[in-house]
Amino acid sequence: MQPMENSSYLEKISLNDKSIYFNRMKNMPANYYHWHQCVEILSVSQGVGIALMEHQQYTVKPGRIFIFPPGKLHKVFVEQDERNIYHRTTLHFNGTQIEQYLRDFPRQQMLLRQLCGQGEKARVFDVGDVQSVIETLLGRFEALVKSKTFSISDSAFLIMQIISLLPHQEQATGHNTFSVSIIRWIETHYHQCCSLEDIASEMGCSRGHVSRRFHEETGGTIQEYLMMRRIRQACELLLHTNGSVREIAEQVGFSEYAWFITCFRKNMGKTPLQYRKTYASE
C-alpha cells in the first residue's frame with residue numbers, strides 16, 4: 001500500500017446530532033492504518049482479509065465483529081476482487097453520550113463502558129450464530145437513517161441490542177505472525193534510530209526477506225508502519241503535553257526537525273502546531 005498524499009492516520013469522524021455515523025459499505029476494499037476520536041464497531045457480512053491491532057493479526061470474515069475504542073490504532077486489509085467481495089457495516093459513535101441513554105439498563109451500560117471506554121483494548125467476537133439477527137437490526141436501522149426519522153435514542157437502542165448479542169467472552173484469538181514480531185520490536189524502539197538493517201538483524205534474516213514477509217502479511221511496508229507509529233505518538237504528545245514541536249520531534253525518533261514537519265503535514269493534513277490548536281481543547 002502506498003500512502004496517499006493527503007491521508008491521515010487520524011480518521012476524524014463527523015458525528016451528527018444523533019451521536020452516530022452509520023455506514024453500510026459493499027464492494028469496497030480496505031487497506032490503511034487509522035484510528036478515530038470515537039468508538040467504531042465493525043460488522044463483517046461478506047469477504048475475507050486480515051486485521052492488525054494490539055500487535056496481533058486477526059482474520060476478517062463473515063460473522064465477526066470488531067470493536068475499536070477511541071484512539072485505538074488498527075488496520076483492516078481486504079483485497080477486493082470478483083472472488084472476494086467485501087461487505088461490512090461500521091458504526092462510529094460517542095460512547096459517553098450513548099451511555100447516558102442506557103441508565104435504565106445497568107448491565108448493558110456497564111458492558112458498553114467496558115467495551116468502548118477510552119484506553120480499553122480492541123476486541124473481536126465471533127457472532128456467526130446470531131449474524132442473521134444482527135443483519136436484520138442493521139437493515140432496519142439503515143431504513144430509519146434513510147427516512148431521516150431516527151433519534152439518538154434509536155442509536156442507543158441499536159448499540160444496546162448489538163452488544164447484548166455478543167458472547168460473554170471474546171472467542172476470536174490473534175496470531176503471532178512474523179509481522180507482529182516486527183511491530184512489537186518497533187513499539188519498543190520507534191523513538192530511536194530504526195533502520196531496516198536493525199530490524200533484519202533482530203529477525204535474523206535479510207533486509208529483502210523482512211520487507212517481503214511484512215508486506216505479504218500486512219499489505220503495507222515497514223517504513224510506512226514506523227512512520228505511522230511515530231506520527232501517532234507525536235499526536236498524543238501534542239495534545240497531552242506542553243513540549244515544543246522540536247522536542248516532540250526528537251522524542252518520537254525524528255533526527256531532523258524539518259523532515260518531521262514535512263512528514264507530519266503530509267500524513268495529518270496540518271502542521272504540528274495547527275494540529276495542536278485544532279484538537280487540544282477537544
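Tutor: Two strands pair if DSSP finds at least two bridges between them. Keep that cut-off in mind for this predicted model.

Student: How do you know that strand β4 and strand β7 pair?

Tutor: Count the bridges. Strand β4 (residues 49-53) and strand β7 (residues 74-78) share three, in the antiparallel sense. The cut-off is at least two, so the two strands count as paired. In β7, Phe-77 is the bridge partner of Ile-50.

Student: Which sheet do they belong to?

Tutor: An open sheet of four strands, in the order β2-β7-β4-β5, with antiparallel pairing.

Student: Why are β2 and β5 said to stand at the edges?

Tutor: Each has a single partner strand, so one side of β2 (30-34) and one side of β5 (56-60) lack a neighbour in the sheet. From one strand to the next, the twist averages 15°.

Student: What makes β1 and β8 a pair?

Tutor: Seven bridges join β1 to β8 (residues 87-93), and the strands run antiparallel. At least two are needed, so β1 and β8 pair. One bridge links Arg-24 to Thr-89 in β8.

Student: What is the strand order in the sheet that holds β1 and β8?

Tutor: That open sheet has five strands, ordered β1-β8-β3-β6-β9, with antiparallel pairing. Its edge strands are β1 (20-26) and β9 (123-126), each pairing on one side only. Neighbouring strands are turned by 15° on average, direction ignored.

Student: Which strands does helix α2 touch?

Tutor: Helix α2 (residues 106-116) packs on this sheet and touches β3, β6, β8 and β9. Its direction makes about 120° with that of β9. Helix α4 (residues 152-165) also packs on the sheet, touching β1, β6 and β8.

Key
Residues are numbered from 1 along each chain as its sequence is written. This is a predicted model: local features need pLDDT of at least 70, side-chain atom pairs count only at pLDDT 80 or more; totals for chains, interfaces and linings use all residues. Side-chain values use heavy atoms; hydrogens and water are left out. Axes are lines fitted to C-alpha atoms, for helices over the stretch in contact, and angles run from 0 to 180 degrees between N-to-C directions. Contact means heavy atoms within 4.5 Å.
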